[in-house]
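Visitor: Please give me a close look at a single part of this model, and set it against the chain as a whole.

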Amino acid sequence: LGRKKDSSSWMYFIEYHDRDGNHRTVTIPADKVTGDGTEWLSTLTSSGYHCIAGNKALLEKYITSCNPEKRIRIVTRTGWADTAFVTVAKIYNQPHEGEQYQLTSAAKGVTSQSGTLKGWQEKLGDLLPNNPLCQFTICVALSGPLLNFVPVGSGGFHFFGDSSCGKTTLLRLASSVWGSLQDMIRAWRTTDNGLEGVAEARNDLLLCLDEIHQADTTKVASIIYMLGNEMGKQRSTRTGQARAVSSWRLLFLSSGERSVEGKLKELGKEYTAGQEVRLASIPVKKEDVVDLHGFPDSGAFTQAIEQYASEVYGTLGDAYLTRLTAEIETVREELPSKLQTYAETLLRPYPGCSSQVKRVALRFALCLCAGVYASHWELLPSSEMELQQSVEKALQEACRVLAP
């Protein structure tokens, strides 16, 4: 038997051998097994369980009469559950004693792996030094799991520039931290309703939205607010009862040929300070590739990143979560002061800056914290000083775009 932390949403975990003799485990909500419904039986039979016709009532009686001693803590979304971190593929810092965690969400897994950590480091990691924007992008990708421990709200960064300047390549580089490009990157061309489930499935991780020019301009502002406010709309069931509201914590990356302000001006809308805080625009140029690392030009460099990102992915995120959960008590204790120190350092060139610049700088500082942890754990080749300089440059570019 399993249930949530508040003792709600009880579920049966039913183990059996299917018709081929394979061991299977199927989860069925307890409220589905009682009554006249057959959905629970369809779930079992479609997964290979053999039930003789006419024995539904007997099977129902058996299931509901069982009271196993073992209990499982149900988790319905990825991310932190106490000191454990839950993904579809793996649960980090799973308790060895007592109740274990089990993710029951039907959402498609986001995190996935191909290749090895060493392969990621040799192919993609070795391209980071002397390329500040690439370093900053990796820092952003690693920041999601830290949101749980500091008062920094969800938000993102929008890369914009001319066609073929490398902005989408940066999203693919970021995606390689956690999973495949197909799973990690979504198009702006979606409804805000559809994006709620996508955001919840990436809770405490990363969301990438590509090509803002394809988005419905009337929806851009509401999507920015929705993602930054960390919850979806309140809806009702067919019986009029309130549905559970989707919620999340995450950082997101966006790309497009125009800044968010430029996109909103298509509809004659003003880009507000609240939107700037939630999604800061950063210009991208081909010249941002400072060190080609042996490639003949920036085009070949970006093509290499895209190829490598499709070959080796997910291993850096896996190693990062392994170390983060192993040292969670230390991180939880020191992160607030580390964040404040970095934020003050980043803001030194901007005395008397506006409150929105300060709030945006706090998110940049969180990205720096994530990158520094990865560097100290020898997961990234960049030094703390290099990472700080890359985040400082990204903030400088964002401040050029921010409204005065």
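Guide: Helices here are DSSP runs of H or I with at least four residues, strands are runs of E with at least two, and both are numbered from the N terminus. On that basis the protein chain has 16 helices and 13 strands. Its radius of gyration, taken over C-alpha atoms, is 23 Å, close to the 22 Å that the globule rule (2.2 Å times the number of residues to the power 0.38) gives for 404 residues, so the chain is as compact as a globular protein of that length. This is a predicted model, in which local features need pLDDT of at least 70 and side-chain atom pairs count only at pLDDT 80 or more, while totals for chains, interfaces and linings use all residues. Residues are numbered from 1 along each chain as its sequence is written, and side-chain values use heavy atoms, with hydrogens and water left out.

Along the principal axes, the C-alpha atoms fill a box of roughly 75 × 50 × 40 Å. Buried residues (under 20% relative accessible area; exposed is over 50%, partly exposed in between; 1.4 Å probe, protein chains only) make up 51% of the 404. Of the contacts (heavy atoms within 4.5 Å) with a separation of 6 or more, 73% join residues 24 or more positions apart. The exposed surface comes to about 18800 Å² by the Shrake-Rupley method with a 1.4 Å probe, where for residues only the protein chains shown count as cover. Carbon and sulfur atoms supply 47% of that surface.

The part chosen for the close look is helix α6, residues 167-175. This helix is mostly covered, with 8 of its 9 residues buried. The buried residues are K167, T168, T169, L170, L171, L173, A174 and S175.

L173 can stand as the example. L173 is buried, at a relative accessible area of 2%. Beyond its neighbours within four places in sequence, L173 has contacts with L124, L128, C134, T137, I138 and I305. K61, by contrast, is 112 residues from L173 in sequence and 53 Å away in space, C-alpha to C-alpha.

I305, one of the contacts of L173, is a buried residue of α12. Also buried in α12 are A300, F301, T302, A304, Y308 and A309. The cover over these buried residues includes α6 itself, along with α4 (117-123), α5 (132-143) and α7 (181-184). The length of α12 fits a helix: its 14 residues should span 20 Å (1.5 Å times one less than the number of residues), and its end C-alpha atoms are 20 Å apart, which agrees. At its N-terminal end, α12 is capped by D297, whose side-chain oxygen lies 3.1 Å from the backbone nitrogen of G299. That is a polar contact, meaning a pair of N or O atoms within 3.5 Å; within protein, one must be able to donate a hydrogen and the other to accept it, and residues adjacent in sequence count only if both atoms are side-chain atoms.

The loop between β13 (279-283) and α12 holds D288. D288 is buried, with a relative accessible area of 14%. A polar atom of the D288 side chain lies 2.7 Å from the backbone nitrogen of K285. Not counting residues up to four places away in sequence, D288 touches N131, L133 and P283.

In α4, another of the covering helices, L117 is partly exposed at 24%. L117 is in contact with T315, L316, A319 and L379, leaving aside neighbours within four places. The C-alpha atoms of L117 and V177 are separated by 10.0 Å, although the two residues are 60 apart along the chain.

Back at the approach to α6, the loop that runs from β9 (155-160) to this helix contains S164. S164 is exposed, with a relative accessible area of 60%. Its phi is near 65°, positive in a residue other than glycine. Most residues other than glycine have a negative phi. S7, in the loop between β1 (2-3) and β2 (11-17), also has a positive phi of about 65°.

No covalent cross-link enters the picture: the structure holds 0 disulfides (pairs of cysteine sulfur atoms within 2.5 Å). C139 is in none, and the nearest cysteine sulfur, in C367, is 6.9 Å away. C139 is buried, with a relative accessible area of 0%. For C399, the closest cysteine sulfur is that of C353 at 7.4 Å, too far for a bond.
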